[in-house]
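User: Please take a close look at one part of this model, the contact between the two chains, and set it beside what else can be said of the chains and the ligand.

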Amino acid sequence: MMRKNRTWPIHLALITISMVMLIPFYWVLKTSVAGENIFAYPPSILPKDPHVFFFVDVWYFIPFVRYFFNSIFVVTIVIALNLVFNAMAGYALTKNFRGKKVVMLLLLSCMMIPFQATIIPAYLVTAKMGLLNSYIGLALPELSHIICILIFKASFDAVPKSLVEAARIDGVPEWKIIFKVMLPLSKSAIATNVILSFIWSWNQLLWPLIIIRDTEMQTIPLGLSYFLSYFEDTTGALYAFCVMALVPTIFVFLLAQRQFIEGLTSGATKE
Amino acid sequence: MATVELKNVIKRYGDLEVVHGVDLAIADKEFVVLVGPSGCGKSTILRMIAGLEDISDGEILIDDTVVNELEPKNRNIAMVFQDYALYPHLTVRQNMSFGLENHKIAKAEIGKRVADASVILGLEDYMDRKPRQLSGGQRQRVAMGRAIVRNPKVFLFDEPLSNLDAKLRGVMRTEIKKLHQRVATTVIFVTHDQVEAMTLADRVVVLKDGHVEQIGTPEEVYHTPASVFVAGFIGSPTMNFITGSVSSSGDSVRLADNFVLTPPEHWHAALAGRREVTVGIRPETFHVADAEDASVLDIKIDVVEPLGSDTMIFFKIDSAEAVARVVPKLGLRSGDTLSVSVDTQAIHFFDPENGQSLRGSEA
Ligand SMILES: Nc1ncnc2c1ncn2[C@@H]1O[C@H](COP(=O)(O)OP(=O)(O)OP(=O)(O)O)[C@@H](O)[C@H]1O
Ligand SMILES: [Mg+2]
């Protein structure tokens, strides 16, 4: 009884806050099925005459499926290579070596440089490698995220040192230590890596905008922006597009949610 | 076949030297225990032998080959860690085979070795469990199994029993001893527990502050300790140390007003010319005085601690605290008075300045 009495205000507050956060999502969903003017006053809470034709429109009038698979393809490359590269880099940072402090400092300071500032060199490099207008080119700047390296480092640091030493004595090669000992013990760091690299890659607009020429190669955010400029009075279809682009994100998050939250907090308490 | 030799091995962390020139030669199939108080450098020495720490100076040889620059995996050693270092996500079976899979050993052979080890250690019923589903003693066995299957030249143990309760520790101690007899391999075992050291070792290496105080068989370190430190560290309850004044010729040492000891002949030369010495008397060296004793001490018992098989009595010699081990059937109580004497053949004399045994100069 006592406990209940003390927790209900917190629950009430949390529920209220989540409701407030959910309102925009609800609005997008509502508009995608009703298509009414979003500036209408007074706003209607429930959709009038809901239907799914906007979704059908999006599916048939633009190559949505193509965009969707482009995005999925790029995001898969990004996630896979993020896991490999970040795990290897994170593992290296658990070791002591000369210049480690400098490397850490470099990584931390690089985190402060916004992507926009590196976009010209990134473009030049990608062009030199002949990767413009390609999937690899799309994935290239996303292949490793410093924050994810640090999350792996924190997670690996928490693995008892003696496990690594036992493996070294038994002649287990380093790559096997990373992928067979460290990674299986770092589920939440993996989940965090998957979610973060998914979201960042999935939502990337600026980079595809710069390096993609063909409609065939466009990803969802790019498709969305073209969609905006081609069709003018299509509020409903636009919102339907948004919902369709959002679904995979929500899906991935739900899948890895528990580990994700653990990963973020455990990363936060480590130095 | 595996001998291990340390030649003037030094370990420094930056400017801090923690191991100061250790020399040690370990014979094939020998069971050597490194023992000493916390922080004396036992683990550091063991880890240098394993190759987990660099050697700052000196040489380590395994089978007469210098291994200073050799990777741990090329030293043909196996190590059991204090926290067992089991892989939490692997089953017992996988834990045991994981290290073997990198040595170009046939699958069938791996399976056979793992099965053999599981029989030796009584783990057959637990092979498909994860470490968290095992008790402390079982985990300990898995850790040993992982070392056994490797068939190493040298086994290294770093305080493998310190996480177990007292009873299980006794059991595992016996198992390790049996295991050593069975696999007949060189073993280097680290512990801070002198009982473990005494019961397991062929030879004990007593360490203090990063240097060797004494190397010897358990009997040697017990009966002829090289210093006050060794004498006090080995044996329980610990040896009594009392300051005595020496007669000019060195043939008698006075501990209290009318309590004078006559040391055996071989101490006389070393004692002569000294004014004060530290006298070491083990608790069991005291006995209840009888008519044959030349010098007798009347004591008043402060505290009695019955242990069942023995009884410890605490008393004072002048102002120095002392403890003696007596048979329980005396039925002593605190406050009782008693006449005790000591077996002079079994007492020790140390230099009060540097703590070294005076026996060294006996020759
Ligand atoms: N990485 C390090 N940097 C600096 N000093 C260290 C380091 N590792 C160990 N030491 C020091 O070296 C000394 C010996 O340490 P070691 O771990 O070998 O002790 P130990 O005898 O195994 O003690 P314990 O019984 O507590 O395990 C200690 O004084 C310790 O403080
Ligand atoms: Mg230690």
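Analyst: What follows starts with the contact between the chains, then turns to the ligand and to the domains of one chain.

This is a predicted model, in which local features need pLDDT of at least 70, side-chain atom pairs count only at pLDDT 80 or more, and totals for chains, interfaces and linings use all residues. Residues are numbered from 1 along each chain as its sequence is written, chains are lettered from A and ligands numbered from 1 in the order in which they are written, and side-chain values use heavy atoms, with hydrogens and water left out.

Chain B brings 24 residues to the contact and chain A brings 18 residues, where contact means heavy atoms within 4.5 Å. The size of an interface is often given as the accessible area lost when the parts come together. Between chain B and chain A the buried area is about 1,700 Å², and carbon and sulfur atoms give 60% of that area; buried area here is the accessible area (1.4 Å probe) that two parts lose on being put together, summed over both. On the chain B side, 29% of the area buried against chain A comes from B:Tyr87, B:His89 and B:Phe98, more than from any other three residues.

Three salt bridges are counted between chain B and chain A, a salt bridge being a side-chain nitrogen of Lys or Arg within 4 Å of a carboxyl oxygen of Asp or Glu. A salt bridge joins the side chains of B:Glu101 and A:Lys176, at 3.7 Å from N to O. Eight residue pairs are in polar contact across the interface of chain B and chain A, with both residues at pLDDT 80 or more. A polar contact is a pair of N or O atoms within 3.5 Å; within protein, one must be able to donate a hydrogen and the other to accept it, and residues adjacent in sequence count only if both atoms are side-chain atoms.

In chain B, α1 (42–50) and β6 (77–80) each supply at least two residues of the side that touches chain A. The most comes from β6(B), with three residues. Helices (H or I, at least four residues) and strands (E, at least two) are DSSP runs, numbered from the N terminus. By residue class, the side of chain B that touches chain A holds twelve nonpolar, five polar and seven charged residues.

Chain B also lines ligand 1: the surrounding residues include B:Tyr13, B:Lys42, B:Ser43, B:Thr44 and B:Glu159, each with a heavy atom within 4 Å. Polar side-chain atoms lie 2.6 Å from an oxygen atom of ligand 1 in B:Ser43, 2.4 Å in B:Thr44 and 3.1 Å in B:Glu159.

Chain A has 13 helices and zero strands. Its C-alpha atoms fill a box of roughly 70 × 70 × 30 Å, taken along the principal axes. An automatic or database assignment divides chain A into domain 1 (1–51) and domain 2 (52–269), with C-alpha centres 30 Å apart. Each of these domains gives eleven residues to the contact between them. The area buried between domain 1 and domain 2 of chain A is about 900 Å², with 81% from carbon and sulfur atoms. A:Val28, A:Ser32 and A:His51 supply 57% of what domain 1 buries against domain 2, more than any other three residues. Across this domain interface there are zero salt bridges and one residue pair in polar contact.

Conventions: Nonpolar A, V, L, I, M, F, W, Y, C, P; charged D, E, K, R; others polar.
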